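Subject: Structure for you to look at

Hi,

Here is the structure I promised to pass on. Please open it alongside this note; my findings follow below.

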Amino acid sequence: MSIAINPEILIWARQSAGLNVEDAASKLNLTNSKKSSAAEKLLAMEAGERYPTRNQLNAFSNVYKRPLLTFYLPKPPKMGQRGQDFRQTPDARDQRENAMLDALLRNVKGRQEMVRDILVDDDEFNAPDFVGAATIDEGANAVAEKIARRIDFDYTDISLRAGSPSDLFSRLRRAAESAGVFVLVLGDLGSHHTAIPATVFRGFAISDSIAPFVVINAKDARPARAFTLIHELAHIWLGQTGVSGNISTAVPTNLNARIERFCNDVAGEFLLPERHFRQVANQFEPGDIEGARACIDLIATRWSVSEPMVAYRFQRRGELSTEVYENLRTEYQRRWLANLAKERDGSSGPSGHVIKQYNLGNALVDVVYRGFKEKSLTHTKAATLLGSKTVSVPKFLSFVEDMRRKSTGKAASLS
């Protein structure tokens, strides 16, 4: 039995899910026939020439990740706000990639609102006191110091930089989560077919006074994650919700561009403090790419940060010409992509449970674990927060429980 619906909703739902007609028809399991192809069948429904059946509406709901009731609305709902769009470089963003970004933002915002409700109902919860606690007029160095004090991380202590850039990110992430920020590493809508490149977004912040969230694009280079984390924390300290992109060297021409550069400068000072990082490095001329490359490599290794981040710091200090900076950034990007290709061709990597725990972060997993253990969180809500199927929740939380038992040496039980 066909259901008479507004065909504009089908178009809106598909486009906002980041799917073209061919991809959507395939995911909906529409089949080719002698009279029309699968894509033509979908186009006919979007044109109002034929109506979907109830089963097909269920498929639309699942594939487009929209509640079933959405398709019964008289007209498409308004697009949700992604906050401020702080992205300053166009890069390769197209309509599909931005639609996927919007879908990811909706998903994370829905999880964030659920976490917020859980925390508000917790009598022992103390709301963070740093959201919106800073202004641009204070200067980047002062805001970097504010963040450092609040997350209890001495950014001038080089002994805290031991290990790799990934180790540094892990330390900073733990510190931020301990202070009350939920830090997620996400870069797709649940499969590699919906991967969102780092050219589309590097990170985004939800500056909520109860449950502030930071999301870092998992498709970006691992050494860059510490910079993105501090950058997004700066947005939270400024009380700004929005999406951030690649670094731009252009002079800011509007408020959003000014805010974005300021957050870059905060991250730059935090990761490479002005009074400390330049002391052991060789001098070089602004146009000397060989001298700059050697100096950048030394500093990046010593402070466990990415080479593009060091290059940006030198460019902002006027020690590196914009031309050399752009050439080096391109060089580092190509090298990272080559290394990434090698990793894909290598081992199978960690288990799905390990990856999920890493992507969601300890703070969010802990909220789900405690709520599920105390039976205040249903299987369905737990699955939504985890981005999992309902049947997968107990097994994943048992894995979390086992890891905690091994790390503390204490017994625990979800039952």
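Phe270 and Leu271 touch the most other members of the largest nonpolar core, which has 62 residues. This is a predicted model, so please read everything here in that light. Helix H8 gives this core its largest share, nine residues. A second core is separate from it and has 39 residues. Leu104, Val115, Phe204 and Ile206 are among the members of that second core. As a rule, nonpolar side chains in soluble globular proteins tend to be buried together.

Now look at Phe270 itself. Leaving out residues up to four places away in sequence, Phe270 touches Ala144, Ile147, Ala148, Ile151, Phe153 and Tyr155. Arg161, Leu172 and Ile230 are also on that list of contacts.

Next, the cavities. How many are there of 30 Å³ or more? The count comes to one. The volume of the largest cavity is about 50 Å³.

What lines the largest cavity? The lining is made of Arg202, Phe227, Thr228, His231, Glu232, Ser244, Gly245, Ile247, Glu260 and Asn264. By type, five of the lining residues are polar, three are charged and two are nonpolar.

Two helices each supply at least two lining residues: H8 (225-238) and H9 (255-271). H8 provides the largest share of the lining, four residues. Helix H8 therefore turns up twice in this note, with the largest share of the 62-residue core and the largest share of the cavity lining.

Best wishes

Technical notes
Residues are numbered from 1 along each chain as its sequence is written. This is a predicted model: local features need pLDDT of at least 70, side-chain atom pairs count only at pLDDT 80 or more; totals for chains, interfaces and linings use all residues. Side-chain values use heavy atoms; hydrogens and water are left out. On a 1 Å grid over the protein atoms alone, a cavity is a set of points where a 1.4 Å probe fits but cannot get out, and a pocket is an open set with protein on both sides within 12 Å along at least five of seven lines; lining residues have an atom within 4 Å of a point. Grid points are joined across faces, edges and corners, and a volume is the space filled by probe spheres set on the points. Ala, Val, Leu, Ile, Met, Phe, Trp, Tyr, Cys and Pro count as nonpolar, Asp, Glu, Lys and Arg as charged, and the others, Gly among them, as polar. A nonpolar core is a set of buried Ala, Val, Leu, Ile, Met, Phe, Trp, Tyr and Cys residues joined through side-chain atoms within 4.5 Å. Buried means under 20% relative accessible area, exposed over 50%, partly exposed in between (1.4 Å probe, protein chains only). Contact means heavy atoms within 4.5 Å.
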